[in-house]
Amino acid sequence: MDALLLIAHGSREQSANDEVRSLTRTLEQNLGQTFGWIDCAFLELAEPCIAKGIDACIRNGASNITVLPYFLAAGRHVTVDIPAELEKAKLANPHVQLKVTPHIGAADEVCNLLAKLSHKAL
């Protein structure tokens with residue numbers, strides 16, 4: 001079974017973490033036919049951590065996990081921290097395939113979205 005794991009930074013502000021959880025529920029509604037399990041995890045400051053998020057995917061039957069970094073820029077978290085966590089998960093779960101998408105900010109659609117949002121402010 002395929003799973004999607006959205007990874008966000010995490011915040012001390014619970015409302016920010018809840019926003020990510022709400023986005024995850026929306027993804028479930030929109031992508032439920034593509035992925036058998038959709039969840040989120042946080043790099044720091046919130047639960048579940050990445051390792052627990054991967055474990056939840058596996059417990060729910062996933063053998064292929066697509067990791068989507070919910071970050072705007074390819075800073076240290078995207079280039080070092082998340083790959084390090086995923087490497088640990090690969091070593092602990094060699095039977096599971098982990099794939100990583102580009103981070104959100106790398107998507108071509110971001111420019112169109114920013115343009116659309118800027119027109120709404122006029």
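**Pockets, salt bridges and a patch**

Helix 1 (residues 14-31) supplies the largest share of the lining of the second largest pocket, five residues. The model is predicted: local features need pLDDT of at least 70, side-chain atom pairs count only at pLDDT 80 or more, and totals for chains, interfaces and linings use all residues. Residues are numbered from 1 along each chain as its sequence is written, and side-chain values use heavy atoms, without hydrogens and water.

Q: What makes residues 14-31 a helix?
A: A helix is a DSSP run of H or I with at least four residues, and a strand is a run of E with at least two, both numbered from the N terminus. Residues 14-31 form such a run, helix 1.

Q: What makes a space in the protein a pocket?
A: On a 1 Å grid over the protein atoms alone, a pocket is an open set of points with protein on both sides within 12 Å along at least five of seven lines, whereas a cavity is a set where a 1.4 Å probe fits but cannot get out. The largest pocket holds about 210 Å³ of space, and the second largest about 170 Å³.

Q: Which residues line the largest pocket, and what makes them lining residues?
A: Lining residues have an atom within 4 Å of a point. For the largest pocket they include Leu 68, Thr 101, Pro 102, Glu 109 and Leu 114. Helix 4 gives the most to this lining, with four residues.

Q: How do you know how the residues of the lining of the largest pocket divide?
A: Ala, Val, Leu, Ile, Met, Phe, Trp, Tyr, Cys and Pro count as nonpolar, Asp, Glu, Lys and Arg as charged, and the others, Gly among them, as polar. The lining has eight nonpolar residues, one polar and one charged. In the second largest pocket, the residues of the lining are six nonpolar, four polar and one charged.

Q: Why is the contact of Arg 21 and Asp 18 called a salt bridge?
A: A salt bridge needs a side-chain nitrogen of Lys or Arg within 4 Å of a carboxyl oxygen of Asp or Glu. From N to O, Arg 21 and Asp 18 are 3.2 Å apart, so the pair meets the rule. The two are three residues apart in helix 1, which means about one helical turn separates them. By this rule there are four salt bridges, among them Lys 52 with Glu 47 at 3.6 Å.

Q: Why is Lys 88 called exposed, and what is Glu 85 called?
A: Buried means under 20% relative accessible area, exposed over 50%, and partly exposed in between, with a 1.4 Å probe and protein chains only. Lys 88 has 52%, so it is exposed. Glu 85 has 25% and is therefore partly exposed. These two residues form a salt bridge, with the closest N and O atoms 3.2 Å apart.

Q: What makes Leu 113, Leu 114 and Leu 117 a nonpolar surface patch?
A: Patch residues have over 30% relative accessible area and no salt bridge; nonpolar side chains (Val, Leu, Ile, Met, Phe, Trp, Tyr) are joined within 5 Å, like charges within 9 Å. Leu 117 has 46%, so it is partly exposed, and this value is over 30%. The patch measures about 290 Å², with areas from the Shrake-Rupley method and a 1.4 Å probe, only the protein chains shown counting as cover for residues. Leu 117 lies in helix 4 (residues 109-120).

Definitions and conventions: Points joined across faces, edges and corners; volume = space filled by probe spheres on them.
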